[in-house]
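My notebook is open at the page on internal cavities. Here is what I looked up, in the order I wrote it down.

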Amino acid sequence: MDFGLSEEQDLLQQSLRGYLGERVGLAAVRAVVEGESGHSRELIAGLAEQGVTGVMVAPEYGGSGLGLLDAAVVAEELGRAAAPISFHSGAVMAPLAIAALGGDAQKSRWLAAVAAGSSVVSVAFAPGFSAGGVWDDSVAYVPDATSADAFVLFVGTGAGAAAYLIPADEPGVSAAQLQAVDLTRRLGVLRFSSFEAEAAMRLAGGDAAQTASRVLQAGRVALAADALGAAERGLEAAVEYAKTRKQFGRVIASFQAVKHMCAETFAEVEPLRALLWYAAFAWDERYEDAHATAMLLKAYAGEAATQATTTCTQVFGGMGFTWECDMHLWFKRAGYDRQVLGGPTALRAEAAAIRLVAAPHATQRR
Amino acid sequence: MDLSFGPEYEKFRAQVREFLAARKGQAPSSSMSATGSGDDMRRILDWQKTLVEGGYVGRTIPREYGGAGAKPDLLESIIIDEEFHAARVHRGLANQGISMFVPTLLQYGSEQQKQAYVRPTILGEMVWCQGYSEPEAGSDLASLKTTARLDGDDYVINGQKIWTSTAAEADMMFALVRTDPDAAKHQGISYITLSMDTPGLEVRPLKTMIGSSSFNEVFFDDVRVPRNNLIGEPGQGWEVGRATLMHERNMLGNTTQTETMLQNCTDVLAEAGVLGDPTYRDRLMKLDARVKAMKYHSLRLLTDTLKGRHPGAAVMITKLNGCQLNHDISALAIDAMGERGLLTRGSELVRDQGAWQAQYMFTLGLIIGGGTAQIQKNIISERGLGMPREPKPAA
Ligand SMILES: Cc1cc2nc3c(=O)[nH]c(=O)nc-3n(C[C@H](O)[C@H](O)[C@H](O)COP(=O)(O)OP(=O)(O)OC[C@H]3O[C@@H](n4cnc5c(N)ncnc54)[C@H](O)[C@@H]3O)c2cc1C
């Protein structure tokens, strides 16, 4: 028994933090995100070399074959760095879905490319689409819609659920970018016109509905980790700034109102770390409470991180409201993490439906 | 991360279950607090004895002082907490003697002092109160004025303490007194123990907002205490006293009973017919996430401690968050009960003898006691985040 990160995970965190600090500094981030596509293959290839994109991909496809807890460690660092990569979809949900449901050809084509950083695969949930048939429809809020090379598409619900892996360059598939606040992870609309998915595109190797749900929870945990990273880095920046900015003849960090803003933020955010570790581990170990915990975690993380970055923006005063100040990168990062894949209130309602129906006393473990 | 329990631990779990099955009937209800009536108090003390004998309290305290002498073991303590929680059984006293004084004594006390005090204290036979606060020294504790003047082999104490919890029931007090009036503020303080029967000592109960008298004023008029009652050296009191305060904050922020409290709160919501209401569900789930987070947070801190790592600022949020969480859970239960939530002990229509209202107010007291929420935020920002102290006002 040991409640905490392993030595390997500590190392992973340190080496990634070092790499991001040196190679993906905020100036580099800005250079990418202020461009039209908001996307840099070079940056993704560099992250892939650090094992970021292949963290959950099996070693036979060139990945590290690690679990969601390891992915959470990575996601937290990416959130801290505001790195322009849709990690939760491209490196968590997509490879999980392909590994769970894909045939050999699909796996060797796409998993290896994801791990190598040469392809980006995105994930979309389209419960309104039907399995089979011709699609003349669209699905919105798809990460990397205009930059991905392929999409995992979960369609239908329950017994009618199915999953597909659709290359972006198929005829009848098009994408447009949505203009959303977080420039570090773009969202878009994926359109299908007179599109009939071929049998070869089907991810047919398992239960699509169950996989969709499990993949979705993993994505939520990864977003929560990102939110934790954004919040903690935002707080560090605010504390640092407060120690240097002077008003009334003293540094503003010596004003109690400012100190208490920072202390409250810390007290709000810090417990997330242990909850994140547990939620990710519970998912890895398939504990009974894994799904409800993932939802409660993401709801808490989304709220805590938006609150944290809102407060920290105020610590910077007028500077905090500028484009030049980096705070808004984490502020928007937290906003994305909060809204995407279910907002706090909706997630708590979903968690309540599970937790209050199951014997409320059910133990935490299997 | 490894949350597995080996087979030897499943055996241990079976033992705990067996103990609980056999003894559960004697346990006080988990909503009874040590602030309740005398009957509650007696029942809690009897249960305490059972827990010490079973090795569930004072587990890691050396045998020669009355503990079970067990090695600190994260798994065992988790299993004990889990099983007590599942059975909804009172986890034992968490009072000033057991949770604050004993660990301080084990660190700073002489052999003779440990022999004399640890065993009766963990058994609940020797009840302690904490003589720190004074009318003019609350948050600014180091400005305390109660003096202890050396006279032969005795210290002679004069002054006043206030807000002294359980002073009326206590057998003993550990106190901070000024032994050197000429030394700097923090340096002239010593940590001393004394019997509440000592001549010259007078306890006057104060009625709390709950309506009971759980705290008191204590007056000292030439109270003579043997000089070897000092814990640590003369002038070391601030350091020793801070150790006690750290244990106090961990006790007050401890959330092992909080899961049980949330469980009971869920029952209240169900009974009040609001468990299907989206607004109540949302509040309940919010608290659920927080209770879980603090539970795993404490496991994280415990792991750090056992591995000899310093958790840094993470440990400083325990009191602030834990006390607020307990207060918020009580507030939800009271809201769900509507007007009924206002009723107090003895009233017609009352639920749980008004325990939720009592708890709602008691936990407010704990947000203030042991260092206020504002002081906790000062500590987090100054010692945790390294922000500078408030400049001293010009004299
Ligand atoms: C239920 C309960 C039980 C207690 N039991 C004991 C006991 O057994 N033994 C004992 O010795 N004491 C006990 N106390 C006393 C407790 O420790 C003090 O009440 C507490 O430390 C606050 O001191 P004070 O009452 O003098 O308030 P003050 O220090 O006067 O504080 C008043 C207000 O000012 C704020 N404040 C003060 N200084 C600062 C600052 N630097 N920055 C920001 N805000 C500040 C406080 O947060 C508070 O809101 C108990 C208190 C309670 C409520």
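Entry one. I sorted the lining of the second largest cavity by class and got five nonpolar, two polar and four charged residues. I keep in mind that this is a predicted model.

Entry two. I then wrote down who those lining residues are. From the earlier part of chain A's numbering I have Arg30(A), Val33(A) and Glu34(A) among them. The list goes on with Val181(A), Asp182(A), Leu183(A) and Thr184(A), and it also includes Trp323(A), His328(A), Leu329(A) and Lys332(A).

Entry three. Which helices of chain A each supply at least two residues of this lining? I found helix H2 (26-33) and helix H11 (327-339). The largest share, three residues, comes from H11(A).

Entry four. For the volume of this second largest cavity I noted about 70 Å³.

Entry five. I stepped back to count: the structure holds nine cavities of 30 Å³ or more. About 90 Å³ of space lies in the largest of them. It is lined by 13 residues, and the closest to its centre are Ile44(A), Thr53(A), Ile85(A), Gly90(A) and Val120(A).

Entry six. Which helix gives the largest share of the lining of the largest cavity? My note says helix H5 (residues 87-101) of chain A, with three residues.

Entry seven. I finished with the classes for the largest cavity: its lining has seven nonpolar, five polar and one charged residues. Beside that I copied my first entry again for the second largest cavity, with its four charged residues.

Definitions and conventions
Residues are numbered from 1 along each chain as its sequence is written. Chains are lettered from A and ligands numbered from 1 in the order in which they are written. This is a predicted model: local features need pLDDT of at least 70, side-chain atom pairs count only at pLDDT 80 or more; totals for chains, interfaces and linings use all residues. Side-chain values use heavy atoms; hydrogens and water are left out. On a 1 Å grid over the protein atoms alone, a cavity is a set of points where a 1.4 Å probe fits but cannot get out, and a pocket is an open set with protein on both sides within 12 Å along at least five of seven lines; lining residues have an atom within 4 Å of a point. Grid points are joined across faces, edges and corners, and a volume is the space filled by probe spheres set on the points. Helices (H or I, at least four residues) and strands (E, at least two) are DSSP runs, numbered from the N terminus. Ala, Val, Leu, Ile, Met, Phe, Trp, Tyr, Cys and Pro count as nonpolar, Asp, Glu, Lys and Arg as charged, and the others, Gly among them, as polar.
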